[in-house]
Structure formats: C-alpha cells, structure tokens
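Trainee: I should like to learn how to read a structural model. May we begin?

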Amino acid sequence: MRTLSHAATVMLLAFCAAAPAQAQTAIDAASDFARSMDGLTSMDSVGLPNDTFISALESDAEAGRPLALWQLGSMYENGEGVDKDPVKAFGYYSQIAIQHADTAPRGLEADIVARSFVKLGDYFREGAPEVGLKQDPGEYHRMLLHAASYFGDAEAQYRVGLLYQQEDGLGVSPTLSARWLQSAANKGHCLAQAALGDLLFNGMDTYPPRAAEGLMWLNVAHETCLGTSDQAIAEEILNRAISVASPEDRAAAHAMANMSVEIGIEF
C-alpha cells in the first residue's frame, strides 16, 4: 500500500506541474486529477473514489504529504465519495497548517498550505460547534495574515484588504486596504480587482477618490471575472461606477487599460 500511495502523490505532483499555470493552482490541479483518474487508483464506475484510492490517500496523509491531506480534507468537508465529516476535514486542514506553516512560500505545496490557513480561518470566523470551536475573529485574522503575508495567497490578501475597510475587522485604513487589494489584484484575483476599483473610484473617509484609476481596475475585473461565479458581482460594481463616471474619467480609464506596461499605483 505504501508503494501505491506514494505513486498517487507522485502522479498528483506531475499532474499539477503539467496543468495550465494561468488557469489552475496546485489545489485545482489536484482536484481535477482526482476526478479524472480511473481504475483502481481513483474512481469507481459511478465516479466516486473507491476504497483503494482513499486508502492510498490516507497512507500519504499519514506521511504528512500536503496534497493528500488537502484532498481528504476537501472530500470530508464536501461529502465527495465519503460521508461528510467536519471533524475529519478540520483535522486534515489543521495538520497541513501545523506541520507545514513554514514551508517554502513558493511552489506547488505552498498553495495547499496557504489555502489550508484560509480554510482554518473560516472555521474560526463562523464557529464550528461540531469540532468544539467558537467564533474567534482574532484567530481568523491571524490565519489570514499568515497566508497573505508569508505565502502571498491572493484570496487571503483580498480578504485582508476588505478587513481594513471595517471597524470590526482590522480597523479602517484605506491605504492598507488598497495595498493588500492591489497585491491580490496583480495576481489576477477578479474580486480583489473589483474591490480595489471600487475603493479608488469612490474613495473612503479622508482618502480621496481616483476615479479614472478605479474605473480602469473595474474594467479589468469585469474581463477577469467573465465566465466565473463572480461575474455578476463585478458587473454590478462596474455598472454602478459607469453610471456616474464623467466622460473624461472614462476616456482616461480606457487609456490606462490600453497601456502596454503594468500600472503601479502608489498609495
């Protein structure tokens, strides 16, 4: 079984390396791999993971391999091929975070570890009585900040950016919010692009609006979000801005979007 389990991880890593970089993280690739394999190493005839594949993943998980731990955590969280079990899911995500918190911040496994911190943050944000956790905003913030700062995870950076717009988050700081949102936006996170555009277009408190730059980012977000579940949100924010934007701001935003160099915004 050890040989089979190690082979499963090796194949997962190979699949991740071969996946289109612009479309997938290591997490996406691992999930697609698990869905696409057939035979004794993965899915049965109705598309559910069979016992042999699950045993292989469990053996790799015992060895502490993040890809296997993540796959099992996701399966138990969502009831994919196994009965839902939030306790087991939390345990697998926790194991990744505890054992790999200081793993190299770049590479295939870094995506897995970073998103595990985000997952754990969600447990603390919402509370999880079934695993004995109460809501703990401070712990949620700590998990997000580690994923955002050490690993540079775009989802975590996006959430941190939003927390700097909330008194009950990390405190209102439009400058810090814009910096975190731009970091995620530059990685192609479409909702971060939309949130950054919204902040720049409208301004906040003593932070003056920069309408043309905001509108440029909203247009970028609209393109990035096309065909995703976030498309409607990006379109709503863009349409709201367009309805009040001046012709001059629209023209300036269009010119910025057509620049061939990456736009660096100083905050």
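Trainee: Which residue follows α6, and what is the sign of its phi?

Mentor: α6 is followed by G127, whose phi is positive, near 80 degrees. Helices here are DSSP runs (H or I, at least four residues; strands are E, at least two), numbered from the N terminus. The model is predicted: local features need pLDDT of at least 70, side-chain atom pairs count only at pLDDT 80 or more, and totals for chains, interfaces and linings use all residues. Residues are numbered from 1 along each chain as its sequence is written, and side-chain values use heavy atoms, with hydrogens and water left out.

Trainee: What is the reach of helix α6 from its first C-alpha to its last?

Mentor: The expected span is 1.5 Å times one less than the number of residues. Helix α6 (residues 108-126) has 19 residues and reaches 28 Å, close to the expected 27 Å.

Trainee: Which residues of α6 are buried?

Mentor: An α-helix has 3.6 residues a turn, so residues three or four places apart point the same way. Buried means under 20% relative accessible area (exposed is over 50%, partly exposed in between; 1.4 Å probe, protein chains only). In α6 the buried residues include I112, F117, L120 and F124.

Trainee: How many disulfides does a search of the whole structure find?

Mentor: A disulfide is a pair of cysteine sulfur atoms within 2.5 Å. The search finds one: C190 and C225, with sulfur atoms 2.1 Å apart. This pair links distant parts of the chain, C190 in helix α10 and C225 in helix α11 (residues 211-225), 35 residues apart. The link is right-handed, with 105 degrees about the S-S bond. Both C190 and C225 are buried.
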